[in-house]
Amino acid sequence: MTATISSRTRGIVLRALALTVLALAATFLLDSYRNYQLAVVAAVFCATAGLTLLVGLTGQLSLGHAVLMACGGYGYALAAGFAVEVDLSGMLRFALGIVGAVVVAGAVGGLLGLAGARLRGPYLAGLTLALVIALPAFTSQVPGLGGDQGRNVPFEPVPDWLAPVLFSTEQWHAWIAILVAAVAVTPLAVLRSGRAGLRMRAVHGDEVAARLAGISPGRVKSHAFVAGALSAGLGGAVLAIVTQNVSPGGYDLAFSLLLLVAVVVGGLGSIGGAAVGSVLVVLLPWLIDTLTTSVGLPADVEQRLSGNLVVLVFGALLILVTVVWPGGLSHAFAGRLGSLSARLRRRSDQHVPQSLTER
Amino acid sequence: MDRLAFLLATGLARGLVIALFALSLVIIWRAARIVNFAQAAMAIVAVYVAFAVTQATGSFWLGLAAALVTGAAVGAAVERWLIRLVPSTTPLPGMIVAIGLVMVLQSAISIAFGPKHRPMAAPFSEQPFSVGGVAVLSPYDLFILLVALGVVAVLAVLFNGTTLGLQMRASAMAPEVSRLLGVRVPRMITLGWMLSSAVAALAVLLLVPTELGLNAHSADILFVHAFTVAVLGGLDSPSGALVGGVVVGILISLVTGFLGAGLAPIAVLVLLTVVLLVRPGGIFAAKEARTA
């Protein structure tokens, strides 16, 4: 038994290593702006990988994942700011910042997990919704968080020993983002494929049956929340490093919903799907913006479309994927694309168990 | 003391609108066992229609009628053409589709009408009466109070006193058995959606004159407050929603008045957390099935 588990874990770790090296190599092919986008994708991926486990495997809908990212960002900003005051720099400052991010996000995630353990679907979604709405109030009331302006984050320059290899700061930030994402997501992949993942599916499938099998649903749910919060916190720290700022405006409800779009469109419960979704939610707004500005619309039309058209497209995607491909893109690409017509035909037969999430 | 009385009165007026919106959440919960996260966005669509009608005819009452009719129509359309396509074995897909609908409706409205707030005039004066030198409710607040009480009374009669209400509750609780007994379950669920979104449209229409104006996001905060109320009172209880609405309205008003507006969202969050942790199903909720 132990042998099979460790070999599976080894497989996941090896695959993660290969993908990380590949991503690091890819940064050399990209210009500065693309590297910046890659870093943002990696940061969002940290959050979506946790969210996809939370929603897809345990069935807990969190609308407040942006808050967990914000916690990571503020944790990093506070700890790194403290490090600057005591004259730390380089790796030590970075490490202290990351510890700060993990501690703050983990603490808030733990509290949410306690709530999640007791609450069913709509109640948890509503609670996390209220949390997102209250975030700007928290940042303006708690001293040291800087109100609406947020906090500045110390700049991370390219370290001297890497300066001959890397050609821009953006590339170094992309490296940080990729390495942090690898550290954040690999444990989630191991969790998902192991016993913990099985327990999560069991709790989502049937809580009473899971309890009969000796699983404590509350514990499984709150652990899933903490795991998701930790990786979201790391994502928030990366985003803070890349943008050199953390403010409540960046982590509003719209961003939370964007994370949800990423995991649903990518395919709930699938880590690869979360990666695809993260690329989509970072690149599509930029693509649509470029498209609308290049068409040459009148100024007021363009102003109305900016920001809104993207939300329209994402909302439509969310509905379309849920109704037509409950498994998301990751399943659609895995040979289901051709079965669209069959699926539509089967709808008259109500007994086909169509599940949005992985069981 | 004057200040306290004033804040209590303002809180009561605000709480009644929240209560009315929370009632719409209770209706849809009783009729279909779901929490409709798209309620606010759907209501905003109806209120835009009401706004257009009021602008064209100059009559608030025609606008109000238009809001009710459009609200019901939007509810029916969403249920028939969207929610029915979604598997309902777990609440998750329905919630995700509702969130997608919020994004589509709000962005479509923002694209069509721009980001500016359109002010709406109230049908009655918003100048508060003064009793013994203390400003209390305005005629408009009294109007909202009457409407809210009227809606609760009508719903109480409908759900508890008529065959239709019984059929609606039965369809929600035990669809299979109801179907066997000859209840047209899909029709009952559509009716529940229509009723619920008409009430939501009414609540938002009453809210808009007291706020900045009409905008795609005018009802977002109202939804969060109403959800808090619905949870506080239990999603099953209309009178719980009414009491909860007044409690939350007064809480917000007192916190805003004595501690600052910035703390109001935190107060709501704390209240919601405490209630959910102490009674996960709401204070007035009846016990559901045992799970262990």
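**Notebook: a helix pair and two positive phi values**

I looked first at the pairing of α2(A) and α9(A), and noted that α2(A) passes α9(A) in a left-handed crossing. I then sorted the residues of this contact by class: 21 are nonpolar, four are polar and none is charged. I keep in mind that this is a predicted model.

Next I took the geometry of the pair. Two packed helices are described by the angle between their axes and the distance between the axes. For helix α2 (residues 32-57) of chain A and α9(A), I noted that the axes come within 8 Å and cross at roughly 170°. I therefore entered α2(A) as roughly antiparallel to α9(A), because angles over 145 degrees count as such.

I then turned to backbone torsions. Most residues other than glycine have a negative phi, so I wrote down the exceptions I came across.

Which phi does A:D87 have? I found a positive value of about 65°, although A:D87 is not a glycine. I placed A:D87 in the loop between α3 (65-85) and α4 (91-118) of chain A. Is A:D87 buried or exposed? I counted 7 C-beta neighbours inside 10 Å, so A:D87 goes down as exposed.

A:Q244 went into the notebook as well. A:Q244 is not a glycine, yet its phi is positive, about 55°. I located A:Q244 in the loop between α9 (217-243) and β2 (245-246) of chain A. For A:Q244 I counted 13 other C-beta atoms within 10 Å, so I listed this residue as partly exposed.

Terms used
Residues numbered from 1 in each chain as written. Chains lettered and ligands numbered in written order. Predicted model: local features only at pLDDT ≥ 70, side-chain atom pairs only at ≥ 80, totals over all residues. Helix = DSSP H or I, 4+ residues; strand = E, 2+ residues; numbered from the N terminus. Buried ≥ 20, exposed ≤ 12 C-beta atoms within 10 Å, placed from the backbone. Axes fitted to C-alpha atoms, helices over the stretch in contact; angles between N-to-C directions. Parallel < 35°, antiparallel > 145°, perpendicular 65-115°, else oblique. Left-handed = near helix turned anticlockwise from the far one by under 90°. Nonpolar A, V, L, I, M, F, W, Y, C, P; charged D, E, K, R; others polar.
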